[in-house]
Amino acid sequence: MKVKQQTFKGFECEITDIEVFKAYYSKNAPLLQGHLLILKGLVNEETTRFLDDRNAVYINANEKKLSTRKKRSTAVLQTTERSPAVLAKEMKVSVQPLIYTRPIRSGESIEASSNLVFTSRINSGAVIESNFSLQIFGIIDGLIKSNGDYLLLKHIGKGTVIFHEEELDASQFTGSLKLVEYKDSGIVIKEIG
């Protein structure tokens with residue numbers, strides 16, 4: 001058996017009127033063909049027969065849960081005059097973090113059950129996954145996934161940072177230190193230095 005992870009594009013379609021969906025699909029078939037259609041709403045036999053006749057690749061998201069990354073294009077940006085030491089105290093960092101002072105190499109994968117601190121670059125092809133908080137002071141060119149209390153980031157380069165299932169906009173992280181928290185079902189970004 002061979003397993004290969006791939007990144008692909010999908011189109012999420014919420015169908016409220018089958019005829020409107022058919023017209024949309026027919027008009028945009030060259031764009032939609034070869035991509036995964038994630039169908040929600042009114043997905044019935046007529047819809048699936050229509051897509052099967054056109055050899056479309058689809059999934060009925062009403063029946064199955066699909067884990068997707070949500071691109072966060074804008075976030076609340078707040079400034080604070082508190083020092084990083086005061087912020088760390090407020091965040092109640094109680095677990096002794098694991099500290100990596102070396103660059104994380106391409107192909108390296110780190111899964112941890114504690115807070116993590118990275119002082120160097122996270123290279124392309126590296127994967128960091130944690131349900132705890134992360135502090136990353138180097139450039140991020142790899143993949144970061146966290147569901148922790150907070151992220152402390154400076155620079156997202158060519159990499160991807162997913163925090164509580166939402167992808168952070170790299171253009172907001174270009175060198176100044178920022179605190180990212182998940183509050184009231186939304187991401188809050190605070191510039192701290």
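Ile 18, Glu 19, Phe 21, Lys 22, Tyr 25 and Ser 26 are the residues that helix H1 brings to its meeting with helix H3, where Glu 46, Thr 47, Phe 50 and Leu 51 receive them. By class, this contact of H1 with H3 holds five nonpolar, two polar and three charged residues. The model is a predicted one, and it places the axes of H1 (residues 18-27) and H3 (residues 45-53) 11 Å apart, at an angle of about 15°. That angle makes H1 roughly parallel to H3, because angles under 35 degrees count as roughly parallel. The crossing of H1 and H3 is right-handed.

Let us step back for a moment to the whole chain. Its secondary structure comes to four helices and 16 strands. The protein chain has 193 residues, of which 41% count as buried. Among contacts between residues at least 6 apart in sequence, 29% join residues at least 24 apart.

**The sheet beside H3**

What is the order of the strands in the open sheet of three strands? The order is E1-E2-E3, and the pairing is parallel. Strand E1 (10-15) and strand E3 stand at the edges with a single partner strand each, so one side of each is left without a neighbour in the sheet. On average, and with direction ignored, neighbouring strands of this sheet are turned by 25° against each other. H3 packs on the sheet and touches E1, E2 and E3. The direction of H3 makes about 160° with that of E3.

The two pairings can be followed residue by residue. E1 and E2 are joined in the parallel sense over six bridges, and Gly 10 has Leu 36 as its bridge partner in E2. Strand E2 (residues 36-41) pairs with E3 over four bridges, also in the parallel sense. Within that pairing, Leu 37 stands opposite Tyr 58 in E3, while the bridge partner of Leu 39 in E3 is Asn 60.

**Strand E11 and its two partners**

Further along the chain, strand E11 (residues 143-146) gives a neat example of alternation. Which of its side chains are buried? Ile 144 and Ser 146 point to one face and are buried, whereas Leu 143 and Lys 145 point to the other face and are not. In a regular strand the side chains alternate between the two faces of the sheet.

E11 pairs in the parallel sense with strand E9 (residues 127-130) over four bridges, and Val 127 has Leu 143 as its bridge partner in E11. Four bridges also join E11 to strand E13 (residues 160-163), again running parallel. There, Lys 145 finds its bridge partner in Ile 162 of E13.

**Loop residues worth a look**

Several residues in loops deserve a visit. The table sets out two with a positive phi.

| Residue | Phi | Loop |
|---|---|---|
| Asn 55 | near 55° | between H3 and strand E3 (57-60) |
| His 164 | near 50° | between E13 and strand E14 (166-167) |

Both Asn 55 and His 164 are residues other than glycine. Most residues other than glycine have a negative phi. Asn 55 is exposed, because its relative accessible area is 67% and exposed means over 50%.

His 164 also leads us to Ser 185: the two are 21 residues apart in sequence, and their C-alpha atoms are 9.3 Å apart in space. Ser 185 is found in the loop between strand E15 (174-183) and strand E16 (186-191). With a relative accessible area of 64%, Ser 185 is exposed.

Is Phe 173, in the loop between E14 and E15, buried or exposed? Phe 173 counts as buried, because its relative accessibility is 0% and buried means under 20%. Leaving aside neighbours within four places in sequence, Phe 173 is in contact with Leu 153, Lys 154, His 155, Ile 156, Leu 168, Lys 178, Val 180 and Ile 189. The C-alpha atoms of Phe 173 and Glu 191 are separated by 9.7 Å, and the two residues lie 18 residues apart along the chain.

How values were computed: Residues are numbered from 1 along each chain as its sequence is written. This is a predicted model: local features need pLDDT of at least 70, side-chain atom pairs count only at pLDDT 80 or more; totals for chains, interfaces and linings use all residues. Side-chain values use heavy atoms; hydrogens and water are left out. Axes are lines fitted to C-alpha atoms, for helices over the stretch in contact, and angles run from 0 to 180 degrees between N-to-C directions. Helices (H or I, at least four residues) and strands (E, at least two) are DSSP runs, numbered from the N terminus. Angles under 35 degrees count as roughly parallel, over 145 as roughly antiparallel, 65 to 115 as roughly perpendicular and the rest as oblique. A crossing is left-handed if the near helix is turned anticlockwise from the far one by less than a right angle, and right-handed if clockwise. Contact means heavy atoms within 4.5 Å. Ala, Val, Leu, Ile, Met, Phe, Trp, Tyr, Cys and Pro count as nonpolar, Asp, Glu, Lys and Arg as charged, and the others, Gly among them, as polar. Buried means under 20% relative accessible area, exposed over 50%, partly exposed in between (1.4 Å probe, protein chains only). Two strands pair if DSSP finds at least two bridges between them.
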